[in-house]
Amino acid sequence: MGRFSTLLWDVDGTLLDFLYSQRIALRRCFAQFGRDVTDEMIRRYSQINDRYWKRLELGEITRQELFTGRFLTFFEEYDVRGIDAEAFSGAYQEALGQVYCYIDNSLEICRSLRAEVRQYVVTNGAVSTQTNKLKLSGLYDVMDGVFISDEIGASKPQRGFFDYCLERVEEKDRGKILIVGDSLTSDIKGGAQAGIATCWFRPLGTAGGAEYAPDYEIESLGQIFDILEI
Ligand SMILES: [Mg+2]
């Protein structure tokens, strides 16, 4: 038995390449709505989206405001007219759940960890989008449980989110639970507040981090085996 019995995995940017899904889903939706989108626009959308998620983490806006508001801001900036932001947001959420790309060999890693630890997904996002993506990718079936913010009514890093998950995982000793995620402001901050160990997934070249002090840092998912001492 290693140091930890339980892993809480972030999904987007950790097990699955979110930027890839975002790019493909945006292209599909713009095509569906009869418009063109450039790579530059996609990069800009990504910044706008990040800003909205930060505001949600700070409790400044609701999830519904995030889903539609990011497209209202984006369309306004590029003077895109005649597309209903709410309809576009719905199409986008659906498209997002249909494309995935593994980071490192995440599915194989989670599969081989099954015999060693319990694993749960902890993700901020829409229930149908995240569930579809997890099922399509095969990750759903290797998990012992899946926790999605929309279902819980609270998001990482809020205490409500972590309380909900920690009440439902088998392991009751928080010292034996490790969260692995790419976001300092949601995964690492939230995990630290909840009193569990934290591992920052920080692919080479990722900047920042002085504000938060994760217990571990990894640059590739395979390094998780060293931390688990297996
Ligand atoms: Mg993430």
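1. Which protein donors does the magnesium ion have, and how far from it do they lie? In this predicted model, the donors are Asp10 and Asp182, each through OD, together with Asp12 through O, and they lie 2.1 to 2.2 Å from the ion.

2. Along the sequence, the donor residues of the magnesium ion follow the spacing D-x1-D-x169-D. Asp12 sits in the loop between β1 (6–9) and α1 (18–32), whereas Asp182 belongs to the loop between β4 (177–181) and α10 (184–193), so the pair ties together parts that are 170 residues apart in sequence.

3. The accessibility of these two donors can be set side by side. Asp12 has a relative accessible area of 17% and is buried, because the cut-off for that class is under 20%, while Asp182, at 29% relative accessibility, counts as partly exposed.

4. The helix that follows the loop of Asp12, α1, packs with helix α4 (residues 85–96) at an angle of about 135°, their axes being 9 Å apart. That angle makes α1 oblique to α4, and the crossing in which α1 passes α4 is right-handed.

5. On the α1 side, the contact is made by Phe18, Ser21, Gln22, Ala25, Leu26, Cys29, Phe30 and Gln32, and on the α4 side by Phe88, Ala91, Tyr92, Ala95 and Leu96. By class, the residues of the contact of α1 with α4 comprise 10 nonpolar and three polar ones, with no charged residue among them.

How values were computed
Residues are numbered from 1 along each chain as its sequence is written. This is a predicted model: local features need pLDDT of at least 70, side-chain atom pairs count only at pLDDT 80 or more; totals for chains, interfaces and linings use all residues. Side-chain values use heavy atoms; hydrogens and water are left out. Donors are N, O and S atoms within 2.8 Å of the metal (3.2 Å for Na, K and Ca); water is not among the atoms, so sites may look incomplete. Helices (H or I, at least four residues) and strands (E, at least two) are DSSP runs, numbered from the N terminus. Buried means under 20% relative accessible area, exposed over 50%, partly exposed in between (1.4 Å probe, protein chains only). Axes are lines fitted to C-alpha atoms, for helices over the stretch in contact, and angles run from 0 to 180 degrees between N-to-C directions. Angles under 35 degrees count as roughly parallel, over 145 as roughly antiparallel, 65 to 115 as roughly perpendicular and the rest as oblique. A crossing is left-handed if the near helix is turned anticlockwise from the far one by less than a right angle, and right-handed if clockwise. Contact means heavy atoms within 4.5 Å. Ala, Val, Leu, Ile, Met, Phe, Trp, Tyr, Cys and Pro count as nonpolar, Asp, Glu, Lys and Arg as charged, and the others, Gly among them, as polar.
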